[in-house]
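I opened this notebook to record what I looked up in the structure shown here. The entries follow in the order of my reading.

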Amino acid sequence: MPRKASPSRTAIVEPGAIDTAEAMPAQNQEVGKKSARKGSESLDDLTRTALKAFLIARDAAFNVGDLLTHSSRMAFLAIKECEQELDIIERQIDERLPAAITRVSEARARQLLTSLKCTTDLERIGDLMMSVALRVQSRTSKMAASDVRQLIEMSVILREMLDLVYRGFVDLDLERARKVLQMDKDIDRVCHALFQKHLTENVSQNNSSSFDVILMAQALERAGDHTTNLAEDLYSLIEGRSLRHPPKKRAAL
């Protein structure tokens with residue numbers, strides 16, 4: 001199935017304009033305004049590009065589920081396209097952000113740095129989805145229906161997590177970040193069940209099918225971890241502090 005078209009991003013809150021010099025000569029004011037508008041448009045484009053990466057990663061997760069369900073060649077090609085697009089986006093933001101970040105306020109710089117961190121995680125999710133797709137495509141025998149069902153369940157949870165964190169960044173919604181962090185436990189639960197089944201029940205059979213299932217489950221679980229990183233970045237952006245580094249408790253006097 002081809003990658004689904006991304007929804008409209010008209011709800012994105014546009015960032016503020018770039019600060020201009022206070023004492024600008026009168027004859028240069030119009031030039032300064034045009035430069036500021038151009039710079040603001042460039043920064044807005046970086047933000048939109050980063051948000052687009054969320055939708056691409058979400059589509060990759062959707063197509064993994066479709067590939068597992070129908071063994072669709074179109075789904076495989078869509079996942080490959082998503083992975084390539086995410087590589088391009090990460091490279092674009094990595095190249096453009098250093099110059100952009102020198103022209104903005106501290107708050108805006110923090111937002112741009114978050115965009116860079118997010119695209120790194122999203123690019124990694126694209127790689128992991130591609131690794132699952134390649135294993136599905138290379139198989140010569142069918143997987144057990146129960147294994148397919150659980151892998152699809154993991155891909156569905158991952159897609160929902162990516163959708164929530166995308167909407168969280170659009171609306172700066174802390175509740176969506178919290179929900180994503182909770183959902184990671186659901187992916188871990190299914191992954192643990194698959195590991196337990198294939199490492200205990202098939203440990204003496206040297207079953208290559210079990211090996212494939214374990215690696216696919218591991219890739220989906222790691223993609224879930226990267227998505228929780230995104231939720232933590234959203235939390236940091238909104239709250240101004242990191243969940244990874246809680247404030248130290250003051251010693252009692």
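Which residue follows α4, and is its phi positive or negative? I found that L172 follows α4 and that the phi of L172 is positive, near 50°. The model is predicted, so I noted its limits: local features need pLDDT of at least 70, side-chain atom pairs count only at pLDDT 80 or more, and totals for chains, interfaces and linings use all residues. Residues are numbered from 1 along each chain as its sequence is written, and side-chain values use heavy atoms, with hydrogens and water left out.

**Helix α4.** I checked the length of α4 (residues 145–171), a helix being a DSSP run of H or I with at least four residues, numbered from the N terminus. Its 27 residues should span 39 Å at 1.5 Å a residue, and its end C-alpha atoms are 39 Å apart, which agrees. The expected span is 1.5 Å times one less than the number of residues.

**Core.** I looked up the largest nonpolar core (buried Ala, Val, Leu, Ile, Met, Phe, Trp, Tyr and Cys residues joined through side-chain atoms within 4.5 Å; buried means under 20% relative accessible area, with a 1.4 Å probe and protein chains only). This core has 63 residues, of which F54, L122 and M129 touch the most other members. Two or more residues come from each of α1 (29–70), α2 (73–101), α3, α4, α5 (174–201) and α6. The largest share, 13 residues, is from α1.

**Cysteines.** I found zero disulfides, a disulfide being a pair of cysteine sulfur atoms within 2.5 Å. C82 is buried at a relative accessible area of 0%, and C118 is buried at 1%.

Note on methods:
Buried < 20%, exposed > 50% of the residue type's maximum accessible area, 1.4 Å probe, protein only.
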